[in-house]
Amino acid sequence: MRIALLDDYFDTLRTLPCFEKLQGHDVTVWNDHEQDVERLAERLADAEALVLFRERTKISADLLERLPNLKLISQRSVYPHVDVEACTANGVLLCSNMHSGTPSFAAAELTFGLILAAMRQIPQQMAALQAGQWQIGVGHTMRDKTLGIWSYGRIGKAVANYGKAFGMNLLVWGGENSCAQADEDGFKVAASRQSFFEDSDVMSLHIRLHPRTRGIVKLSDLQNMKPNSLLVNTSRAGLIEEGALIAALEGGRPGMAAIDVFEEEPVIGGNHPLLKMPNVVATPHIGFVSHEEYELQFSDTFDQVIAYADRAPVHMVNPEVWEDFQAG
C-alpha cells in the first residue's frame with residue numbers, strides 16, 4: 001500500500017522498532033505541518049492509507065473529496081479532527097483504537113510535571129536566573145494540598161496516585177462511574193461541583209472532549225477557585241468555555257494555570273495571550289510526546305494498517321464503509 005504519515009515533526013517514527021511493521025509498503029513521511037487543503041491534497045494525491053499523528057491535522061470533507069485514492073485513515077484515540085460522515089461518504093474507512101485499558105503515563109507524568117513547575121515557579125525562576133537575577137519569589141509545596149481530579153479515568157487515576165505519593169489530599173469530581181471508582185479506591189468524592197472548585201488547591205482536567213463536554217468548565221466555576229490555586233489542563237482546551245480561563249486569571253481566581261493544550265494548534269509566534277501572562281506555565285501539547293508513548297501508540301496504528309492490508313480491519317469507526325467494499 002501507498003502510506004502517508006503526517007506531522008512527524010522530528011522524524012521520530014523511522015527510529016521506532018514498530019516502524020518495521022510497514023516494511024514492504026511504500027511509505028512517505030512528512031515532517032512539517034500543512035493545513036492548506038489544496039497543498040495537502042497535492043501531497044496525498046496517491047496515498048491509499050493515511051496515518052495521523054493524533055489531532056495535528058484536520059481531515060475535512062473538502063480534503064477528502066480531493067483524495068479519490070484514499071481508502072484508510074489509521075490513528076489512535078479520539079477523532080474530533082476527522083469528519084467521519086465525510087469519510088463514509090467518500091468510501092474512506094477510519095480505524096482508531098480507543099485504548100480504553102492503557103493509560104497514557106506520558107500524559108500523566110507531564111501533568112504532574114506541570115503541577116510542580118507551576119507551584120514551585122520553576123520556569124520563572126530559571127528565566128530570572130538566566131537574566132542575571134537570584135530568587136524572584138516564593139512557591140508552594142505539594143504536601144497536604146488538595147488535588148482535585150475531574151474525571152477519574154485512565155489518566156486521572158494515574159495523576160491521583162502521583163498526588164498521593166506526594167502527600168496530597170485527593171478530591172474527585174466527574175460522572176457517576178468515575179466517582180464510584182474513586183470512592184472504591186479510597187479517594188474522596190466532592191460533595192458538589194461548587195465545593196470541588198472551592199476546595200481544590202490544584203485542579204486538573206482529565207475529561208474527553210466531545211460535543212457535550214465542550215465548554216463544560218464555566219467562568220463561574222473558575223471564579224470559585226482560591227486566589228492561590230492552580231488550574232491544570234493537559235486534556236483539551238475546548239473543555240473550558242471560550243475566553244473563561246484568561247478572564248478568570250485576570251480576575252485572580254485561580255491564581256495560576258498550567259496548560260499543554262490550546263484551542264487552535266499549533267501556536268506559533270509567541271503571541272497567544274496566555275503566553276504573556278506571568279502566572280501561566282505552558283507547553284506545546286507534548287503530553288504524549290515521548291519515545292515510549294510513540295512506540296505504544298504507533299504500534300497500534302501500524303497494526304491497523306496491516307490488518308486492513310490483510311483484509312481484516314480492526315477498530316473500525318465507520319464499519320459500513322468496509323461492508324460496502326465487501327458487498328461491491
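Of the 328 residues of the chain, 47% count as buried. This figure, like every value below, is computed from a predicted model.

## Overall form

The chain contains 12 helices and 12 strands. For 328 residues, a compact globule would have a radius of gyration near 20 Å, and the value of 21 Å for the chain agrees with this. The C-alpha trace spans about 65 × 50 × 35 Å along its principal axes. Among the contacts in the chain with a separation of 6 or more, 63% are between residues 24 or more positions apart. The chain exposes about 15800 Å², of which carbon and sulfur atoms supply 51%.

## The sheet of β1 to β5

Five strands form an open sheet in the order β2-β1-β3-β4-β5, and their pairing is parallel. The strands at the edges, each paired on one side only, are β2 (26-29) and β5 (93-97). From one strand to the next, the twist averages 20°.

Within this sheet, β1 (residues 2-5) pairs with β2 in the parallel sense over 4 bridges. One residue pair can be named here: I3 has V27 of β2 as its bridge partner. Helix α11 (residues 291-309) lies across β1, β3, β4 (72-76) and β5, and runs at about 155° to β4.

## Strand β10 and its partners

Strand β10 pairs with β9 and with β11. The strands β9 and β10 run parallel and are joined by 4 bridges; β10 and β11 also run parallel, joined by 4 bridges. L230 of β10 takes part in both pairings, for it is the bridge partner of V202 and is itself partnered by M256 in β11.

Which residues of β10 point one way, and which the other? L230 and V232 point one way, whereas L231 and N233 point the other way. All four of these residues are buried.

## Salt bridges

The structure holds 14 salt bridges. Three of them are set out below.

| Salt bridge | Closest N to O distance | Relative accessible area |
|---|---|---|
| K58 and E264 | 3.7 Å | K58 46%; E264 54% |
| D185 and K157 | 3.5 Å | D185 29%; K157 34% |
| D201 and K226 | 2.8 Å | D201 12%; K226 25% |

The side chains of K58 and E264 meet in a salt bridge. K58 is located in the loop between β3 (49-51) and α2 (61-64), and E264 in the loop between β11 (256-259) and β12 (280-282), so this pair ties together parts that are 206 residues apart in sequence. K58 counts as partly exposed, whereas E264 is exposed.

In the second pair, the side chains of D185 and K157 meet in a salt bridge. It links distant parts of the chain, 28 residues apart: D185 belongs to the loop between α7 (176-184) and β8 (188-189), and K157 to helix α6 (residues 154-165). D185 is partly exposed, and K157 also counts as partly exposed.

The third pair consists of D201 and K226, with the closest N and O atoms 2.8 Å apart. Because D201 lies in the loop between α8 (193-199) and β9 (202-205) and K226 in the loop between α9 (219-222) and β10 (230-233), the pair ties together parts that are 25 residues apart in sequence. Is D201 buried or exposed? D201 has a relative accessible area of 12%, which is under the 20% cut-off, so D201 is buried. K226, at 25%, counts as partly exposed.

Beyond these pairs, E38, D62 and R66 are joined into one network by salt bridges that share partners.

## The surroundings of H140

H140 is placed in the loop between α5 (122-130) and β6 (146-150). With a relative accessible area of 28%, H140 is partly exposed. Which residues does H140 touch, not counting residues up to four places away in sequence? These contacts are with M119, R120, K145 and N228. By contrast, L5 lies 135 residues from H140 along the chain, and the C-alpha atoms of the two are separated by 43 Å.

Technical notes:
Residues are numbered from 1 along each chain as its sequence is written. This is a predicted model: local features need pLDDT of at least 70, side-chain atom pairs count only at pLDDT 80 or more; totals for chains, interfaces and linings use all residues. Side-chain values use heavy atoms; hydrogens and water are left out. A salt bridge is a side-chain nitrogen of Lys or Arg within 4 Å of a carboxyl oxygen of Asp or Glu. Helices (H or I, at least four residues) and strands (E, at least two) are DSSP runs, numbered from the N terminus. Buried means under 20% relative accessible area, exposed over 50%, partly exposed in between (1.4 Å probe, protein chains only). Two strands pair if DSSP finds at least two bridges between them. Axes are lines fitted to C-alpha atoms, for helices over the stretch in contact, and angles run from 0 to 180 degrees between N-to-C directions. Contact means heavy atoms within 4.5 Å. The radius of gyration is taken over C-alpha atoms; the globule rule is 2.2 Å times the number of residues to the power 0.38. Accessible areas come from the Shrake-Rupley method with a 1.4 Å probe; for residues, only the protein chains shown count as cover.
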